[in-house]
Amino acid sequence: RERISREGRVAISGNARCRVTKVKTEKMPLDLASDRSVMTLGRVSIFDHEIFEIKDRMEQMLGAFQSDLSSISSEIRTLQEQSGAMNVRLRNRQAVRGRLGELVDGLVVPSALVTAILEAPVTDPRFLEQLQELDAKAAAVREQEARGTAACADVRGVLDRLRVKAVAKIREFVLQKIYSFRKPMTNYQIPQTALLKYRFFYQFLLGNERATAREIRDEYVETLGKVYLSYSRSYLGRLMKVQYEEVAEKDDLMGVEDTAKKDILRPSLRSRNTIFTLGTRGSVISPTELEAPILVPHTAQRGEQRYPFEALFRSQHYALLDNSCREFLFICDFFAVSGPAAHDLFHAVMGRTLSMTLKHLESYLADCYDAIAVFLCIHIVLRFRNIAAKRDVPALDRYWEQVLALLWPRFELILEMNVQSVRSTDPQRLGGLDTRPHYITRRYAEFSSALVSINQTIPNERTMQLLGQLQVEVENFVLRVAAEFSSRKEQLVFLINNYDMMLGVLMERAADDSKEVESFQQLLNARTQEFIEELLSPPFGGLVAFVKEAEGLIERGQAERLRGEEARVTQLIRGFGSSWKSSVESLSQDVMRSFTNFRNGTRCLDPADPAYHRFHRVLSQLQLRALPARAELINIHHLMVELKKHKPNF
């Protein structure tokens, strides 16, 4: 550029464009070299000029493009704003359309609804379907009226007329179903189950015509209350006719004398319940018998069958449990109630029946003296209460508590009466006594084992306390009776026989580790050991005494003193050898006559063998080993064989 400026006088202005001034060469003489320079400079200036023009056009084009981009961005923003406004308008229109559609749908009454409500029978599925639709429209109209919608006035009259028609048809249908319960010999469970299919009818009345709903509920309560009361009273009356003819009386206590005359006047066991023995009566609380079908009185009368009170109590309350559970669930389902309201409605229906049952039980218990029957009834109630809880029916909880409040005091009273009867029994007024188990102790054993076995299923501490008092009185009674015998041997035989009998009966039903079993086992062991010493004293008393003395000397290290006992030992050996067979025979016969339990009697002969073994061990001491009389000792094996003859296998 500097060169062109010098030679061609070209002026370049800044960074803009370059203008090339025309080179004046007309009057200037140039040589060939100068001509080339001028031509070169001319071409350079033309090329640069074109470049500058291209740049200018590019600059203009880019400027226009930038301007176009600015306008496009502005248009995009405008379109976005327009799109957002359109979306808002669309949502508003859709919301308005939805609400208007719901309003119109709720207010429009289709012809199918009118036809079904007016013409279709109540049992037609179309009636129930359109009734639900009518209920929904009535609720929608009430809601719109609360908002001040003027269009509701156009359909209010139509809906009211349809509602009145539907209420009239429903009322007539439901009342007919309720009245069908009153027909004699009707299985009320069938119409009750049919009503559950139309539970919406009552819900419709409850929401649209509360007066009619209250009328139906009151009619149901009154009708079913009378039905249950009549059924329960009739069934209970017929049930009590198949009870045992002879029941326990106030004189049927453990300590009361059981005379032969009284036994003659008693009916056979077919018509009389056992008082102190459990027998098969405990099966009434077994899982299979507890929920067995209820007794049918007329069938039992036809077969001349009789039952104890607890069997009748079980049948009556199982029927009550089933009916109450079914009724409570029906009330909750059909009348749509729960909680305290369901309890109140249930007791409105079943209250008179439950009161009648409680009054009958209270009246019966006033003259009941059968403790086993009352105790079984207590356990029946405890099990039925658990069953009701599993079925989720708490409505009977109060009734179970009321029944237990009647049973427990009566049971405790009867038990205390038996305790007092044993305490006040005078052995001298019982007539002739013998060493066999007394009938009072036998009664106690059977009675105590019965209550213990029942109580093991659901333990109760109060029962065990009362049985403990009874046991103390029975033990004292046994000691009082034993004191009536003149000889100690007879006293021990009497005590062993009674303790053994009570222990045997208790072990059949009670657990081996029970307090009663443990107590009588200790008493039996102590009296048995005393009797053995008393039994062996006459024939073998000298031998046993010598063995005890000798063993004591040996333990104290004074065995040398045995040398002075040679004459005594010789006499014992010869005396035992001459009389042992007859003594064993006599002891065996005496034991077998004394004990009612032969196994218990043979145990009393066992110590004879160990005593003679100990005598042999004493004679084997160095001080007595050279005694000539040792040759006359009876062979131990021979003695064992002879004793075994008197121990038969029972």
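**Exercise 1. A salt bridge between two helices**

Task: In this predicted model, find how the side chains of glutamate 473 and arginine 423 meet, and work out which parts of the chain the pair ties together.

Solution: Start with the side chains: glutamate 473 and arginine 423 meet in a salt bridge, with 3.2 Å from N to O. This passes the test, because the cut-off for a salt bridge is 4 Å between the side-chain nitrogen and the carboxyl oxygen. Next, place the partners. Glutamate 473 lies in helix α17 (residues 461–482) and arginine 423 in helix α15 (residues 397–423), so the pair ties together parts that are 50 residues apart in sequence. Finally, check the surroundings of each partner. Glutamate 473 has 12% relative accessibility and counts as buried, whereas arginine 423, at 39%, is partly exposed.

**Exercise 2. A loop joined to a helix**

Task: Say where arginine 182 and glutamate 219 lie, and whether arginine 182 is buried, partly exposed or exposed.

Solution: Begin with the distance: the closest N and O atoms of arginine 182 and glutamate 219 are 2.3 Å apart, and the two form a salt bridge. Arginine 182 sits in the loop between α5 (152–179) and α6 (189–196), while glutamate 219 belongs to helix α8 (residues 210–240), so this pair links parts 37 residues apart in sequence. With 46% relative accessibility, arginine 182 counts as partly exposed.

To widen the view, the count for the structure comes to 17 salt bridges. Arg281, Glu310 and Asp370 are linked in a network of them.

**Exercise 3. A tyrosine in a loop**

Task: Decide whether tyrosine 369 is buried or exposed, and list its contacts beyond its neighbours within four places in sequence.

Solution: First locate the residue: tyrosine 369 is in the loop between α13 (340–365) and α14 (371–390). Its relative accessibility is 16%, so tyrosine 369 counts as buried, the limit being under 20%. Now look beyond the sequence neighbours, and you will find tyrosine 369 in contact with Ala248, Glu249, Lys250, Arg410, Ile414 and Met417. For one more spatial check, go from C-alpha to C-alpha: phenylalanine 411 is 42 residues from tyrosine 369 in sequence and 8.5 Å from it in space.

**Exercise 4. The largest cavity**

Task: Describe the volume and the lining of the largest cavity.

Solution: The search finds two cavities of 30 Å³ or more, and the largest has a volume of about 110 Å³. Of its 13 lining residues, Tyr231, Ser232, Gln316, Ala319 and Leu320 are closest to the centre. Then sort the lining by helix: α8, α12 (309–334) and α13 each supply at least two residues, and α8 gives the largest share, five residues. Sorted by class, the lining has eight nonpolar, five polar and no charged residues.

Methods:
Residues are numbered from 1 along each chain as its sequence is written. This is a predicted model: local features need pLDDT of at least 70, side-chain atom pairs count only at pLDDT 80 or more; totals for chains, interfaces and linings use all residues. Side-chain values use heavy atoms; hydrogens and water are left out. Helices (H or I, at least four residues) and strands (E, at least two) are DSSP runs, numbered from the N terminus. Buried means under 20% relative accessible area, exposed over 50%, partly exposed in between (1.4 Å probe, protein chains only). Contact means heavy atoms within 4.5 Å. On a 1 Å grid over the protein atoms alone, a cavity is a set of points where a 1.4 Å probe fits but cannot get out, and a pocket is an open set with protein on both sides within 12 Å along at least five of seven lines; lining residues have an atom within 4 Å of a point. Grid points are joined across faces, edges and corners, and a volume is the space filled by probe spheres set on the points. Ala, Val, Leu, Ile, Met, Phe, Trp, Tyr, Cys and Pro count as nonpolar, Asp, Glu, Lys and Arg as charged, and the others, Gly among them, as polar.
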